[in-house]
Amino acid sequence: MTHIKLQNVSIDYPLIELSRSIKKSIFKNATSNLFKKKNLENMLFYRGLNKVNLELKPGDRIGIKGPNGSGKTTLLRTIAGIYSPSEGTIDVQGNISSLLDINLGMDLELSGIDNIYLKSILLKKKPEEILTKIDEIIDFSGLKEYINLPLKRYSSGMIMRLAFSIVTSFECSILLMDEWLSVGDKEFNEKAKEKLSNFIKSSEILILASHSEKTLADNCNKIYSMKDGNLI
Amino acid sequence: MRKKLSREFKESYLLSFVWIKLSTLDILKRYRRSILGPFWITITTLVTTTTLSFIYSKVLNVEIYEYFPYLTIGLIYWNFASTLLNESCETFIESERIIKQENFSFVVYVLRVISRNYIILFHNLLIFLIIFFILGIPSIKNLLLFTLSLVIIFCVAIPISFLISILSARYRDIPPIVSSLLQLSFFATPILFKKNLLNEYEFILQFNPFFYFLEIFRNPILGEPVVAEIYIGCIIIALCSWLFFLLIYNKSKDKISFWI
């Protein structure tokens, strides 16, 4: 069954710029007996998440608000399995779709068709599955014959429309979103609104990070806020 | 927590459509809008090896018909090995955006680099048709031995490429070290010259890891035997690289996403 369970999860970012090169790390080891720089050792990590507890089951629509750098994206990435926690345990069951960066997999040099394949494949969709959706995607994006041109010939609105059409075509059970998706011109926006709400309805769990209180209030049934890596 | 390596490999096998697509698109992108497309790879290599054969067969005073196949196979091998190792330095850096959004196993990104280089290698293998024309088609046994060498090289490419990928993600001093070592190794590997020209110093080749894989790659096509010691050497190098890789991998698998 789809669920997410985080127990006491902490994420520590190594501040690698402070000790990146081999030279420094050899030097540090060689001199560590001479100079015990305890402060530096403590400074080498930055706590991105601090002992976060979260338990979600199907039907949960979670909104996360908080200032920049408070750990919203870090939390989403941790749930997506990108960052491993330095303490605590994570248990995630379900098929995750993370829309942290909607332009991921959009390549300006490749044609629209190739981009559909590339982006869908990054969503772990098999070529056979993509084939069944491809007409729907092209149709919804409204790109028509432009679909065979490389993306660098598109306007930025057209690229957004294509990306939007691709990601909303594949259903998932857990949806992670960093900021709401807004796309294209007025006409497309109307169409997109409906597709997006259907897409979100089809997911069992939604986690949405946003700055906009209104977006959160409209789409979520539980709102948390984050501050300095703490989930409140 | 990242999964155990065996499960990561299994997952990457199931996701083979991902890395195969990524690597094919990498190649297609490079030659987009050119008429010959990826066959530029073949032509570039052919022009280089033909020119070098002309010059060096005179310098070394050998027959060009004998020297051209020798040099060509060696250079194709070298292009493959050096590009693979150089590109391994960029594995996680070039895929940074994907890593920050999708939780693919890291094996996927390494296989993207390796398969991309195999695709280039296969384009270059077309030149072997010219060599077959000069030397005659090798026996079935030699063709099988050659195919075996591709498999052996693949088995070693995984840990070594992975190891370089991890180390260069952490220490950005690794890429320049790798590229300068490769430059040096080219002249220390018998590609331009024949190994018997080293006379009593031929033994130093056994300290050159590139030599072993070159032998199993080149000799079958030239119709020359590969001695058992060479295969043993390949196996020892493979085992050592897997061992080093496993040690480093287990220590770093949960940190790679933070490093890039």
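Leaving aside its neighbours within four places in sequence, which residues is A:P58 in contact with?

**View 1. The surroundings of A:P58 in the predicted model.** A:P58 sits in a loop of chain A, between β2 (45-56) and β3 (61-65). Apart from neighbours within four places in sequence, its contacts are A:T2, A:E204 and A:I205. A:P58 is partly exposed. Within 10 Å there are 13 other C-beta atoms, and a residue needs 20 or more to count as buried. A:F188 lies 130 residues from A:P58 along the chain. The C-alpha atoms of these two residues are 30 Å apart.

**View 2. The side of chain A that touches chain B.** Here 26 residues of chain A are in contact with 24 residues of chain B. Two elements of chain A each give two or more residues to this side: β1 (3-14) and α4. The most come from α4(A), with five residues. By type, this side of chain A holds 15 nonpolar, four polar and seven charged residues.

**View 3. Helix α2 of chain B and its buried face.** Helix α2(B) covers residues 16-30, which makes 15 residues. At 1.5 Å a residue, the expected span is 21 Å. The C-alpha atoms at its ends are 22 Å apart, so span and expectation agree. Buried residues in this helix are B:V18, B:W19, B:L22, B:S23 and B:L25. Viewed down the helix axis, the buried residues of α2(B) fall within an arc of 160°, so they line one face.

**View 4. The packing partners of α2(B).** The buried residues of α2(B) pack against elements from both chains. From chain A comes α4 (112-122). From chain B comes α7 (106-124). One of these partners, α4(A), is also the element that gives the most residues to the side of chain A that touches chain B.

**View 5. The helices of chain B in their setting.** Chain B has 13 helices and zero strands. Read along the sequence, its pattern is α-α-α-α-α-α-α-α-α-α-α-α-α. The C-alpha atoms fill a box of roughly 60 × 45 × 35 Å along the principal axes. A compact globule of 260 residues would have a radius of gyration near 18 Å. Chain B has 19 Å, which agrees. Of the 260 residues in chain B, 34% are buried. Among contacts in chain B with a separation of 6 or more, 75% join residues 24 or more positions apart.

Notes:
Residues are numbered from 1 along each chain as its sequence is written. Chains are lettered from A and ligands numbered from 1 in the order in which they are written. This is a predicted model: local features need pLDDT of at least 70, side-chain atom pairs count only at pLDDT 80 or more; totals for chains, interfaces and linings use all residues. Helices (H or I, at least four residues) and strands (E, at least two) are DSSP runs, numbered from the N terminus. The expected span of a helix is 1.5 Å times one less than its number of residues. A residue is buried if 20 or more other C-beta atoms lie within 10 Å of its own, exposed if 12 or fewer, and partly exposed in between; C-beta atoms are placed from the backbone. The arc is that of the directions from the helix axis to the C-beta atoms. Two residues are in contact if their C-beta atoms, placed from the backbone, lie within 7 Å. Ala, Val, Leu, Ile, Met, Phe, Trp, Tyr, Cys and Pro count as nonpolar, Asp, Glu, Lys and Arg as charged, and the others, Gly among them, as polar. The radius of gyration is taken over C-alpha atoms; the globule rule is 2.2 Å times the number of residues to the power 0.38.
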